[in-house]
Every structure is written in C-alpha cells, then in structure tokens.
Amino acid sequence: MPPKTLLIPSLLDRHWPLLRWAFQSREWCPVVLEGARADVEDLGLGHTHNDLCYPFVLITGQVLSALHSGKYDPARTGVLISQTGDGCRGSCLIRLLRPVLDREGFAQIPLLSLNTRGIEAASAFPVGPAMAMRALAAAFWGDALLLMGNATRPIERHFGQTERLIRRWEETLSGDLKANRNLFPAAVLRRCREMARDFQAVETAPKAVQNIALVGDIYSKYCALGNWGLVSFLERQGCRAGVNGLTWYALYYLDSHLETGPLPVRLAGKALASLGGPMQKRFTQIIQEAGFSVLPPYRELKALGQDLSGTRCALGSGWLLAAEAAAWVRTGYPKVLSGLPFQCLPGHIYGRGQYAALQRQLPGSLIVGVDYDASLRDGTVENRIRMLLDTEL
C-alpha cells in the first residue's frame, strides 16, 4: 500500500524542499503546502478570529484549502505541525486547529506534533536517528542555498540564473536525501563547498545595492507567506537581504529548550547540538572563504548576545533576535528590519523592546520593526519599510 499524505504548512521556504525528505517514510509522503496569501488569509479568518496569532490564521487557511481541494483522501492524509513548547502561541496550534477540522468534517485527519518537549504526546511524530541525520544535512544545505542565493541574486547579470542554480541543487540534494547518501558531516560540508564554487561562478554585474538584514520570529523571517514576499520586495527596491540560516535557530533551540521533556529526547538533542556546533563552525568558514557574508557560529553569536542584553530570555526568538541584529550590523548590514506577527508578545518584548537600546550600542545602525496582520494592507507595511530604506545613515 502506498504511503499516506503528510501535509506540511508553509514555514521554511528555502529549507522545506530539502527538509521534507526527512519525514519521508513507508507510512508518510510529505507535501509542502502553498497558496496565495489573499485566499488562505480569508479562509483562515473565516474559521478563526483576529485575536489569534497571524501565522495560525494563515496555517488554518492553508490546511483547509488543501483539504477542500479534493486532491487528498481524508482517510489517508495527516497534517504535521511544529511546536516550540514555550510561551509562543504556536505551541497551542494543534489544540486550536483540531476543533476547526472537526467542524469542517475532517475529524478523521490526524494532527501530528513535531517538538522536543514531550507536549501533545498522543500526537507526537516519531523521530529516529535516520530522520535526524537527514534533517541535519538538509538544514545546512538549505542554509547554503539561502545565504549564497540571497547574496548573488540581486547582482546577477542574467536574470533568473541564481534561481535556476538553486533549483538544480535542490534536485541533486533531494536525491542524496532520498537515498540516504552524503549525510555524514564531512560529506555534508563537501556538498556545501561544491555549492559555493557554483555560486562563485554566477556572472554578476556591478550594481549599487543596499544591504538590509532581516530578523524576527521564525515564521516572519523564513516564510514568504508570513512576510508578504519581503525578500522579493526588497530586491525590487535595489536591496540585498541578509537572512541568517536555520541552523543558528536550531542550535539556539537545542541549547535553550531542552531543560524539560523526556530524557531520551533531551540526550538526543544534546548529541545533535554537539555534532551540529562544530559543523556550523566549518560551514561558516566555507561560506566566508567563498566571499559571501555569514554571521559568526552559534557560540560566538551567543557570546555577543550575552554582552548586549543577556541570554536568559529564550521565549520565541528571544535573545537571538537582538544578537542577530547586532551581528548583521557588524557584518556590513547597518539597516535591520525586524518582522513580527502583530500580537506576538514574546517577539515584541524581545524585539521592539530592545531596538532603542541596541541602536545606542551599535552606532551608525538603524533598526525598524514591521508587523504583519490580517487587518493591515500591503501599502501600510511597504511604506514603513520605505522609511528604513530611504533614511540616510
């Protein structure tokens, strides 16, 4: 019998084409959901309310749109939801989404939880060593494509060359992941060096571009649905967007969120962090040696965060937001755009609450926050972004 369909809502645009293979099994075939913002936003609002977090509105709309499309057999379909297990309301998504699906006639569809904290134990998605190794490789490869793609695309001489290169590498790396090939650290990093050589070979043109760093919560930073196509918008304005890699967030999460939860999960997480840390240090060297900008490895970034405002606050993006903003400024991205869902309490406290203090510690920088919410329109958000772009430092 063929595997069942596992629907995965948008979250990690550059990484999901690779990360989805970590969840491929005899039981499940993963499908990453897409959809126009207006469509999924309206559908989500019709089944939730605007006091809930904006990502949940979009996730609800995406899931319902897929299930109503008729493309998936409800008896052989599940939905995978990631949960941080901290003060982020994203930790409650399964409990919020379950009544919506039940009312819509999809009570038979399981909601599976991907987390390391032991929450929603009855819905836990099984995680094994092979899945962890595929996820680790996919995270580093996705970071390589994200960092070098964002750096190259705004200055490419031939339009579309960078995206074609990314698609070619996604196909190659997907083959590795499906075949469980090149997943050990040395092979993962060798692939990164090969990608770096290819991105170095992209023909570029001398263009005046403005460097803009993007920080914020994970949904607004990595998901075009959640940030309204922010990277594309900035590139149309003659900017180069700096978005830090997912492995930094993963190491931050493993470092700060494993005090509780099942002992085997805590031990596995610490083992994964002990493997990923040295890999990331070598990874940053590969990216730098190829001539691309990259933030310092996680341990150095954490030390920077400790010097700025301490590292005790780890709800949502927590101290990582401030540390990434400062690191981007020191890397040559003096303007920082912090994107957050409206009403994201942890994000606003650890983000907006620190902008003024950060700018005093980072002379010559400018940090501007922008909110995303169903009650706002594109013009409002874009005008606020233009305030950042048009300000002379």
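Does Lys221 count as buried or exposed, and at what relative accessibility? In this predicted model, Lys221 counts as buried because its relative accessibility is 5%, below the 20% limit for that class.

**Figure 1. Overall view of the predicted chain.** The chain contains 17 helices and eight strands. Along the principal axes, its C-alpha trace spans about 55 × 45 × 45 Å. A compact globule of 393 residues would have a radius of gyration near 21 Å, and the 20 Å of the chain agrees with this. Of the 393 residues, 55% count as buried. Among contacts with a separation of 6 or more, 74% join residues 24 or more positions apart.

**Figure 2. Surface and charged side chains of the chain.** The accessible surface comes to about 16700 Å², and carbon and sulfur atoms account for 56% of this area. The chain carries 42 positive and 35 negative side chains. The centres of these two sets lie 5 Å apart.

**Figure 3. Close-up of helix α3, residues 54-68.** At 1.5 Å a residue, the 15 residues of helix α3 should span 21 Å; the end C-alpha atoms are 21 Å apart, in agreement with that value. Helix α3 is mostly covered, with 13 of its 15 residues buried. Gly70 follows α3 and has a positive phi, near 85 degrees.

**Figure 4. Close-up of Lys221 in helix α8.** Helix α8 comprises residues 218-222. Lys221 counts as buried, at 5% relative accessibility. When neighbours within four places in sequence are left aside, Lys221 is in contact with Leu214, Val215 and Gly216, and also with Asn227, Val243 and Glu324.

**Figure 5. Close-up of Pro341 in strand β7.** Strand β7 covers residues 335-341. Pro341 has a relative accessibility of 3% and therefore counts as buried. Not counting residues up to four places away in sequence, Pro341 touches Tyr54, Pro55, Asp217, Ser220, His348 and Tyr372. Two of these partners, Tyr54 and Pro55, fall within the residue range 54-68 of helix α3, and Ser220 falls within the range 218-222 of helix α8.

**Figure 6. Pro341 and Arg266 shown together.** These two residues are 75 residues apart along the chain. Their C-alpha atoms are separated by 30 Å.

Technical notes:
Residues numbered from 1 in each chain as written. Predicted model: local features only at pLDDT ≥ 70, side-chain atom pairs only at ≥ 80, totals over all residues. Heavy atoms only, no water. Helix = DSSP H or I, 4+ residues; strand = E, 2+ residues; numbered from the N terminus. Rg over C-alpha atoms; globule rule 2.2 N^0.38 Å. Buried < 20%, exposed > 50% of the residue type's maximum accessible area, 1.4 Å probe, protein only. Contact = heavy atoms within 4.5 Å. Areas by Shrake-Rupley, 256 points an atom, 1.4 Å probe, with all protein chains shown as cover. Lys, Arg positive; Asp, Glu negative; His and termini not counted. Charge placed at Lys NZ, Arg CZ, Asp CG, Glu CD. Expected span 1.5 Å × (residues − 1).
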